[in-house]
Number of protein chains: 2
Amino acid sequence: MCQVWGMKSTSILLFIFLSLKVSAQNNDSATIRKIFTEALTAGKSYDQLRQLCNIGPRLSGSENAAKAVEWGKKVMEEYDFDTVYLQEVMVPHWVRGDKEIFVPEKAGSRSTPPKYLNICALGGSIGTPEKGIRSSVIEVKQFEDLEKLGRKQIEGKIVFFNRPMDPTHITTFPAYGGAVNQRGSGAVMAAKYGAVAVIVRSMSLALDDFPHTGAMRYDDSITKIPAAAISTNGAEYLSELIKLDPEAKFTLTLSCQTLPDVKSYNVIGEIKGSQNPGEILVVGGHLDSWDLGEGAHDDGAGCVQSIEALRLFKALKIKPVRTLRAVLFMNEENGLRGGKKYAELAKANKEKHILAIESDAGGFAPRGFDADCTDEQLKKLKDYLQILTPYGIHFMEKGGSGADIGPLKDGTVALLGLRPESQRYFDYHHAASDTFDKVNKRELELGGAAMAAILYLISENGW
Amino acid sequence: MCQVWGMKSTSILLFIFLSLKVSAQNNDSATIRKIFTEALTAGKSYDQLRQLCNIGPRLSGSENAAKAVEWGKKVMEEYDFDTVYLQEVMVPHWVRGDKEIFVPEKAGSRSTPPKYLNICALGGSIGTPEKGIRSSVIEVKQFEDLEKLGRKQIEGKIVFFNRPMDPTHITTFPAYGGAVNQRGSGAVMAAKYGAVAVIVRSMSLALDDFPHTGAMRYDDSITKIPAAAISTNGAEYLSELIKLDPEAKFTLTLSCQTLPDVKSYNVIGEIKGSQNPGEILVVGGHLDSWDLGEGAHDDGAGCVQSIEALRLFKALKIKPVRTLRAVLFMNEENGLRGGKKYAELAKANKEKHILAIESDAGGFAPRGFDADCTDEQLKKLKDYLQILTPYGIHFMEKGGSGADIGPLKDGTVALLGLRPESQRYFDYHHAASDTFDKVNKRELELGGAAMAAILYLISENGW
């Protein structure tokens, strides 16, 4: 009897528990529906992105970057977030200068270099002497090719790294990951063998005339040589030219230089948690961009989506249980100083972060999230897919998150990266073509709403 | 003992069965990897689409449509499909003419109509008298509004249907479905109350200056009145104008007309099945397009993806177990004559179709398939998601398929619609902006490969 009663009471408790759980899930579902409806009918991120892109490119240390900081602060203040503040950080200041030319000596009757040979200096590169560097060009695909060729064949030459991104990857980020060492370390590797400069095939799967810049690094123990990216069409053309005449001479002229560091800022807006204000959830993107284009997809999109994620809470009068922060990180592109500073101060101030989400993969239609987190956290995130799939969020996978939030990693905070449809991203990435018109309003809004949905679920329910 | 032995033998048989199943799955996986690799490294669909778009718009009955038929046949012959043939079908021949103007009487100092009032005739509309139709405009959102207003307020006026697509839908096709009756039936509904013409808000979620055409229908028992679409910006502007002055007069001039039917063709390419040639699997899109733009996403993409799906089998030397057909249907947009003819002849010739897949939702990155099929077929398709998810195919859901393959429905053939990312589709749909440059090469290729993958799995394994 006792046992039967015990079973009954267990059943009743289980029933109550399950009912409460179903009811909480229904509440969650209803709120998430409201979040998406607000984003798609009264969303502000598209207009904000237009404003941000109108400032122009926002390379760290530039006047435009300073304007973007003011813009971000003003926008979040106007949305009446509880606190909006700046977080000081010193950033590198590299400038492109006004000259970047790569021209074959035998340009024939052309008075200007062929557009196919469009180049741009890689970020951080030193310039060339004013009259340029004149040399023949030697093509390699892999760093191992340098070793095979040896100093004798490389010394005094311009090394041309021409390994395309691997098109067989289904999403494009692994293809980028497999090629980008040419850009980041090509100059150091080639200089070891006496190269005088490097030209790197642009990191893009598309064949077009845009050179794509991006960060490169020097090693203080190795001679510094200038480095430039060439458009993918240019890379194909250059490869043909030097096959026809391996001795053909080219002149590379770059006038870029690195100036002293500049004071800049992360921009932070916060909505205080109503019950657990000491537990912090971050959503962010980076405010700096490369100096070509408008930094629309990279990463204006992530900034306006992050602001929008918090604005959605305000607009829907949702008081979050835990504290929410939108962080516009400075200097992701060539230093990560903002991300490091944010984590450093979070640690110094003994802040407890339980979640950080970054959007830095373009303002395209969201498809899922990659998560750098514990197995328990991943399980919980996967359980939420049931609620999120109707909004086009189809996966939660273990993986990387975002560069800016990476420094927060401490084994307890869950780090998430928004993963939008990736096919078009590298067509525009770091190039003059990364402009506002490439962003679709609804795709942008869906990404912001998806991040707000995760913020809501974890803020409300914890881990 | 016997029983134990029985269990053992059952276990052994089960083991063999499961091993064979796993091995078959591994073969399937390996082949599908090859299909995607071929599509992404040596795919032809993007170049084919460029050729097709270069022909120009391909409205049924037009010279361009005839050129597109020749093009499709030639391409499939060059790929050396086993059989390539045309299937005759009579199609409607509507022409836009050279005049479509919608101009407010008080255009002020402007010598040309404001671009915001950009209109285009709806496909199938009659023209206006040469000097146009001059009248005031009355705005409605729903057909029920006509009943409420009554003949007294509508008679002699131009009815303006201005219900936007509902932006709260997460994918865009349901939003289209909820608004398109204004375009299809608006003229008939308004004419019942004595309207003299209709202006319909373009079926687009974006605010821009492109009017979007599309099919409209008359009812022989109701007076035929002219019908035009206005750009979404134009709709907003017009709504303001007539709020300011409900009596303001506008003149609508259209010179479109319907000419006698024209002989045209479905274009069909076939690879004969090596073991079950009598079982047919179709993959298709429609070759006709509206007469604005280039019909790139709608539905040049579906045509080149369908051809590509079969070409992938040839390129990889896969001899399909069952017969594969790529069908370029004629006249989906304003008659569906091609789709009906194909099904009619299939029935007359007692052909057994087991699967038909249509791509007619744009050449964007594929996300899944909707399936109009039996529960058993759906279960099998869902089981294949395990193999397809790494390629970005995340769902198989019960739903519609495609207009052209619809007439094949007989309760046994499975009808599938490719479902790409939908956000951008209606930005271009039926408008002058549906041009080749809006299509991303890899997104197009992934869609063709996804269809080839399904063809392969069902051709190889049956239902």
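**View 1. R311(B) is a buried arginine in a predicted model.** The relative accessible area of R311(B) is 6%. That value falls under the 20% cut-off, so R311(B) counts as buried. R311(B) belongs to helix 8 of chain B, which covers residues 296–315. Leaving aside residues up to four places away in sequence, R311(B) touches E38(B), A42(B), G43(B) and K44(B). Y79(B) and F81(B) are also among the contacts of R311(B).

**View 2. Eight strands of chain A build an open, mixed sheet.** The strand order is 1-9-11-10-12-15-13-14. Strand 1 (83–95) and strand 14 (395–398) stand at the edges. Each has a single partner strand, so one side of each lacks a neighbour in the sheet. From one strand to the next, the twist averages 20°.

**View 3. Strands 10 and 11 of chain A run parallel.** Strand 10 spans residues 276–286, and strand 11 spans residues 322–329. Eight bridges join them. N276(A) sits opposite R322(A) of strand 11. Helix 8 of chain A (residues 296–315) packs on the sheet. Helix 8 touches strands 9, 10, 11 and 15 (414–420) of chain A. The direction of helix 8 makes about 150° with that of strand 10.

**View 4. Helix 3 of chain A lies across three strands: 1, 9 and 11.** Helix 3 comprises residues 63–78. Helix 3 runs at about 5° to strand 9 (257–271) of chain A.

**View 5. Helix 9 of chain A has buried residues along one face.** At 1.5 Å a residue, the twelve residues of helix 9 (residues 337–348) should span 16 Å. The end C-alpha atoms are 16 Å apart, which agrees. G338(A), G339(A), Y342(A), A343(A) and A346(A) are buried. Seen down the helix axis, the buried residues fall within an arc of 130°, so they line one face. Their cover includes strands 1, 9, 10, 11 and 12 (352–358) of chain A. K347(A) and A348(A), on the other side of helix 9, are exposed. Just after helix 9, K350(A) takes a positive phi of about 50°.

**View 6. Confidence drops at residues 1–5 of chain A, where pLDDT is below 50.** Chain A has a mean pLDDT of 95, with 93% of its residues at 70 or more. Residues 1–5 have zero contacts in the model beyond near neighbours in sequence. Where pLDDT is low, the predicted coordinates should not be read in detail. For the complex, the predictor gives an ipTM of 0.94 and a pTM of 0.95.

Technical notes
Residues are numbered from 1 along each chain as its sequence is written. Chains are lettered from A and ligands numbered from 1 in the order in which they are written. This is a predicted model: local features need pLDDT of at least 70, side-chain atom pairs count only at pLDDT 80 or more; totals for chains, interfaces and linings use all residues. Side-chain values use heavy atoms; hydrogens and water are left out. Two strands pair if DSSP finds at least two bridges between them. Helices (H or I, at least four residues) and strands (E, at least two) are DSSP runs, numbered from the N terminus. Axes are lines fitted to C-alpha atoms, for helices over the stretch in contact, and angles run from 0 to 180 degrees between N-to-C directions. Contact means heavy atoms within 4.5 Å. Buried means under 20% relative accessible area, exposed over 50%, partly exposed in between (1.4 Å probe, protein chains only). pLDDT is the predictor's confidence in each residue, from 0 to 100. The expected span of a helix is 1.5 Å times one less than its number of residues. The arc is that of the directions from the helix axis to the C-beta atoms.
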